[in-house]
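Hi there,

Here is the structure I promised to pass on to you. Have a look at it first, and then read on for what I found.

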Amino acid sequence: MKTTPGRPDTHPSSRGNPPPIIGVSACLCGHRVRYDGTDRRESFVADTLARHCRLLPICPELQAGLGLPREPIRLEGNPGSPRVVSVNTRRDLTDHLSGQIEETLDALAGIPLSGFLFKGGSPSCGSVGVPVHAEAQEENTHRPIPAGAAPGLHPRAFLPVPGDRATPLRSQPGMGLFARALKKRLPLLPIADIEALRDETARAGFIERLFVYGRWSAASRQARSPTELSHFHHRHRLLVRLHRPGLLRPMEHLLASITDPDPRPREQVRDQTWGEYGELLMRAVAHPATRHHHERLLGAILRTLKKRIAADDQQAIEAAIGGFTRGDLPRIVPITLINHVQRRIQHPSLTGSWYLEPDPTELALSCHA
Ligand code: SF4
């Protein structure tokens, strides 16, 4: 079986909004693509994400023609630029796999990915803490794959060298080859290992980042005037305030700088500004938001509204925030009450905020976080 990038799994669309496209390690979807012909199906991916998003399953090892079943591989050497070596026959697959991964990423270039979810621990897919083993004592014992050969299909061409074993003395944490190459191409793209998302806060944060990045990358691909960027920022302002309020100042400084006289061509200023803004935005939302952060922001929103709402509305919102703080109510309860009064008074600083009015798909997914 070979996965094909460029054809996301189909799924029922959600209320007219294009669903986010999420790349995933194919084995997490239940595809039997692991070296031993098994899968690592995860219900959060194969059931929940598949219901609300378009999934793009990719197995970089299968894409590279390593075959099925195939010999397991592992990372060795320098964690900053590890080699990929087959465990038993000691073949050095680094160049072959790297070349194939670049081709896979070229094929992905036209697809507006919102994020990528990896099977952790894999020498290809793991995005963090993948063991990088110490190299074998013997130098030059790795046997590079001849150009054009698909190693999984030609095992006899690479017979093991007698006594040629890696030394399993120690390992250091590194990053899988595919995850590393993807991060290099799309440094702002939200990525995570599925194992990290067992934590509730981490899962909610990843879902939120998918949608923030999706909006930023869609907006930055289209015509983008300074006014559009200001509007975009206005809608994300509360999210930044929630996660990293300290980044609001450099963001607003950046927005103010667009109108200053600039000798650079207009297009260049525009591209650079959206790029710099995106870096700050993704850095902000990468910071985890705890219940306490939400409570603080909801309290600040209530203070903003206070002078313009009736006492009983204020008490109802205060009670709902209290219920959320104690863990008795979900966050959507105070947010719904705030939206109820906001619809009436239309406070300009809250209009259109993605924090108060998240994308319906994001809202549906957050129920599983
Ligand atoms: S972890 Fe990655 S390379 Fe390994 S089987 Fe799953 S998709 Fe393929």
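Let me start with a glycine. Gly214 sits in helix α5, which covers residues 200-221. With 25 other C-beta atoms within 10 Å, Gly214 is buried, since 20 or more is the cut-off for that label. Leaving aside residues up to four places away in sequence, Gly214 touches Pro20 and Ser114. Pro112 is another residue to look at here: Pro112 and Gly214 are 102 residues apart along the chain, yet their C-alpha atoms are separated by 7.8 Å.

Please keep in mind that this is a predicted model. As for the overall picture, the protein has 12 helices and 10 strands. Of its 369 residues, 35% count as buried. If you take the contacts between residues at least 6 apart in sequence, 74% of them join residues at least 24 apart.

Next, the ligand. Which residues are around it? From the early part of the chain there are Ser25, Ala26, Cys27, Val33 and Arg34, followed by Cys59, Pro60 and Glu61, and then Lys119, Ser122, Ser124 and Cys125. By class, this shell divides into six nonpolar, three polar and three charged residues.

Two helix pairs are worth opening in your viewer.

The pair α3 and α4: helix α3 (residues 94-108) and helix α4 (residues 177-185) have axes that come within 10 Å and cross at roughly 45°. The two helices are therefore oblique to each other, and the crossing is right-handed. On the α3 side, the residues that meet α4 are Leu97, Ser98, Ile101, Glu102 and Leu105; their partners in α4 are Leu177, Phe178, Ala181, Leu182 and Arg185. Sorted by class, this contact has seven nonpolar residues, one polar and two charged.

The pair α6 and α9: the axes of helix α6 (residues 226-243) and helix α9 (residues 291-305) come within 9 Å, crossing at roughly 130°. That angle makes α6 oblique to α9. This crossing, too, is right-handed. Leu238, Arg241 and Leu242 of α6 make the contact with His293, His294 and Leu297 of α9. The residues there divide into three nonpolar, two polar and one charged.

Finally, some backbone details. Most residues other than glycine have a negative phi, and most peptide bonds are trans. Here are the spots I noted against that background:

- The peptide bond from Leu68 to Pro69 is cis, and its omega is near -10°. Pro69 belongs to the loop between α2 (60-63) and β3 (73-76).
- Arg90 is not a glycine, but its phi is positive, near 60°. You will find Arg90 in the loop between β4 (83-86) and β5 (91-92). Is Arg90 buried or exposed? Arg90 counts as buried, because it has 20 C-beta neighbours inside 10 Å.
- Gln346 also has a positive phi, near 50°, in a residue other than glycine. Gln346 is placed in the loop between α11 (332-345) and α12 (360-366). With 9 other C-beta atoms within 10 Å, Gln346 is exposed, the limit for that label being 12 or fewer.

Happy to look at any of these spots together with you.

Best wishes

Terms used: Residues are numbered from 1 along each chain as its sequence is written. This is a predicted model: local features need pLDDT of at least 70, side-chain atom pairs count only at pLDDT 80 or more; totals for chains, interfaces and linings use all residues. Helices (H or I, at least four residues) and strands (E, at least two) are DSSP runs, numbered from the N terminus. Axes are lines fitted to C-alpha atoms, for helices over the stretch in contact, and angles run from 0 to 180 degrees between N-to-C directions. Angles under 35 degrees count as roughly parallel, over 145 as roughly antiparallel, 65 to 115 as roughly perpendicular and the rest as oblique. A crossing is left-handed if the near helix is turned anticlockwise from the far one by less than a right angle, and right-handed if clockwise. Two residues are in contact if their C-beta atoms, placed from the backbone, lie within 7 Å. Ala, Val, Leu, Ile, Met, Phe, Trp, Tyr, Cys and Pro count as nonpolar, Asp, Glu, Lys and Arg as charged, and the others, Gly among them, as polar. A residue is near a molecule or strand if its C-beta atom, placed from the backbone, lies within 6 Å of it.
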